[in-house]
Amino acid sequence: MIWNQSKECLSPEHMREYQSKMLYKMVDYVYHNVPFYRNKLQEMDLTPNDIHSIDDIVKLPFTIKQDMRDNYPFGLQAAPSSEIIRIHASSGTTGNPTIVGYTRKDVGIWSECMSRCLTAYGVNRNDIFSVAYGYGLFTGGLGVHYGVENLGAAVLPASTGGTEKHVRLIRDLGVTGIACTPSYALHLAETMENMGIRKDQLKLRIGAFGAEPWTDAMRDEIEERLGLNAFNLYGLSEIMGPCVSYECECQQGSHINWDHYFPEIVDPVTLEPVPYGQPGELVFTTLTKEGMPLLRYRTRDLCTLYNEPCSCGRTSPRMGRLLGRSDDMLIIRGINVFPSQVESVILTMPECAPHYQLIVDRVNNIDTLTVQVEVRQDYFAQGFDTFEPIFNLEKQLTNRLKSVLSIRAKVEVKQPGTLPRSEGKNKFVIDKRILK
Ligand code: DLL
């Protein structure tokens, strides 16, 4: 089944015409409504009239996360605040989070695109669909929720946590679909097994997984343990949230909703365009967004785009699995964490030396973060070699990190001189999660 045949299967020629028209409109819109873009375009001696077709996108300036930080909170917003009906936030590299405001039309398009994803997975009005992404500032929960409602299936807004209760509800209500991070799906499977519940007691048949990297081996394991078909769901808050791309039944990459989010691949160093079939950094331009439209937003996600026809009939290009990132962002329990955020917290603590290390691991399918940091020599000499001050320091740091990162980290304060020092490229992060 296809949710929106006229858009998802539009011939590439007609889609080009449509995208060309929308790109002109979008550039005109930001030129007149976002001083940041007007200045950038003027610096490059560009006006909306220089946009004649979608190919002219390469003339436009890039946008990066730092631009949002510099224009915090609403500097990149194009719509007047009276038109904004929803605000989400995600982590920035340090300090300020990225704020994204949505108009009513944006939320409608988001739901439409999300319904396209769900339909491609095989979800229909008879399904009971559990959304186990976090509800709140994160776009996962509400984003998928609205798509399920728009499609007409029944949504169970389970959110995260309370896993045993959730497993019981999945069994008792006959829940047929679920959306969560792939690692949470494995945690759910484990909890279910520990509760003595077998997968043949459940009616689960479809899973929509994303928000963090996963592999085909994880797909096989989730499908085997939960007894469902697992599909990829990709998105990012800056562009919209979950719904930017989705797998169809062919599972040969994820179809991009390119009538709304126009993709390009560029070389992350030279920023030159990279052709289909070759890896590089994924860049999106929003073609229809009103709240916070973005031109050529550098996602930092590395992947390859394919445009060979897909036997499902959809004509959109597909993105392969993510190959990594061109920055140092970590995704821990589905939450974006930058080592620089940890550093900024450590630097506020006079007792701590600027020597630290992040250790990321996965225990029982749940990501863990340990932050090791050295105490300063002078504090060490003045009593910070005994249990109590160290314990209090660890507690204080844990709380500060929690409020900045939104996840709990285990803090270990170490003696001066015990953590490895950089040799050339600093290795602050040890990621032990093996994604095979
Ligand atoms: O993670 C939105 C989302 C929610 C997507 C639920 C899918 C499902 P952010 O918090 O802004 O938004 O994080 C975006 O997460 O740039 C990728 O690095 C990573 N990511 C998202 N989906 C996938 C995926 C949401 N399917 C960042 N596979 C992106 C691998 C993913 N990584």
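**Exercise 1. The ligand shell**

Task: In this predicted model, find how many residues surround the ligand, and which are the closest.

Solution.
Step 1. Count the shell: 22 residues surround the ligand.
Step 2. Pick out the closest: they are Ala-211, Asn-232, Leu-233, Ser-237 and Asp-301.
Step 3. Sort the shell by class. Eleven residues are nonpolar, seven are polar and four are charged.
Step 4. Look for the elements behind the shell. Helix 6 (139-151) supplies at least two shell residues, and so does strand 7 (229-236). Strand 7 gives the most, with five residues.

**Exercise 2. Backbone atoms at the ligand**

Task: List distances from backbone N or O atoms of Ala-211, Glu-212 and Leu-233 to a nitrogen atom of the ligand. Then state what share of the ligand's accessible area the protein covers.

Solution.
Step 1. Start with Ala-211. One of its backbone N or O atoms lies 3.1 Å from a ligand nitrogen.
Step 2. Move to Glu-212. Here the distance from a backbone N or O atom to a nitrogen of the ligand is 3.3 Å.
Step 3. Take Leu-233. A backbone N or O atom of Leu-233 lies 2.8 Å from a nitrogen atom of the ligand.
Step 4. Turn to the cover. On its own, the ligand has 610 Å² of accessible area, and the protein covers 97% of that.

**Exercise 3. A mixed sheet**

Task: Work out the strand order of the open sheet with mixed pairing, and name its edge strands.

Solution.
Step 1. Recall the principle. Strands of a sheet pair through backbone hydrogen bonds, in a parallel or antiparallel sense.
Step 2. Read the order: the four strands run 20-19-18-21.
Step 3. Find the edges. Strand 20 (410-414) and strand 21 (429-431) each pair on one side only.
Step 4. Check the turn. Neighbouring strands of this sheet are turned by 15° against each other on average, direction ignored.
Step 5. Inspect one pair. Strand 18 (residues 352-363) and strand 21 are parallel and share three bridges. Leu-358 has Val-429 of strand 21 as its bridge partner.
Step 6. Add the helix. Helix 10 (residues 339-346) lies across strand 18, strand 19 (366-375) and strand 21. Helix 10 runs at about 140° to strand 18.

**Exercise 4. An antiparallel sheet**

Task: Give the order of the open sheet with antiparallel pairing, and find the bridge partner of Asp-301 in strand 15.

Solution.
Step 1. The order of the four strands is 10-11-12-15.
Step 2. The edge strands are strand 10 (261-266) and strand 15 (324-325).
Step 3. Strand 12 (residues 297-303) and strand 15 run antiparallel, joined by two bridges.
Step 4. Asp-301 has Arg-325 as its bridge partner in strand 15. Asp-301 is also one of the closest residues to the ligand.

**Exercise 5. Two backbone exceptions**

Task: Locate the cis peptide bond at Pro-73 and the positive phi of Gln-251.

Solution.
Step 1. Set the background. Most residues other than glycine have a negative phi, and most peptide bonds are trans.
Step 2. Tyr-72 and Pro-73 are joined by a cis peptide bond, with omega about -5°. Pro-73 lies in the loop between helix 4 (65-70) and strand 1 (84-90).
Step 3. Gln-251 is not a glycine, yet its phi is positive, about 50°. Gln-251 sits in the loop between strand 8 (241-247) and strand 9 (254-256).

Technical notes
Residues are numbered from 1 along each chain as its sequence is written. This is a predicted model: local features need pLDDT of at least 70, side-chain atom pairs count only at pLDDT 80 or more; totals for chains, interfaces and linings use all residues. Side-chain values use heavy atoms; hydrogens and water are left out. A residue is near a molecule or strand if one of its heavy atoms lies within 4 Å of it. A polar contact is a pair of N or O atoms within 3.5 Å; within protein, one must be able to donate a hydrogen and the other to accept it, and residues adjacent in sequence count only if both atoms are side-chain atoms. Accessible areas come from the Shrake-Rupley method with a 1.4 Å probe; for residues, only the protein chains shown count as cover. Ala, Val, Leu, Ile, Met, Phe, Trp, Tyr, Cys and Pro count as nonpolar, Asp, Glu, Lys and Arg as charged, and the others, Gly among them, as polar. Two strands pair if DSSP finds at least two bridges between them. Axes are lines fitted to C-alpha atoms, for helices over the stretch in contact, and angles run from 0 to 180 degrees between N-to-C directions. Contact means heavy atoms within 4.5 Å.
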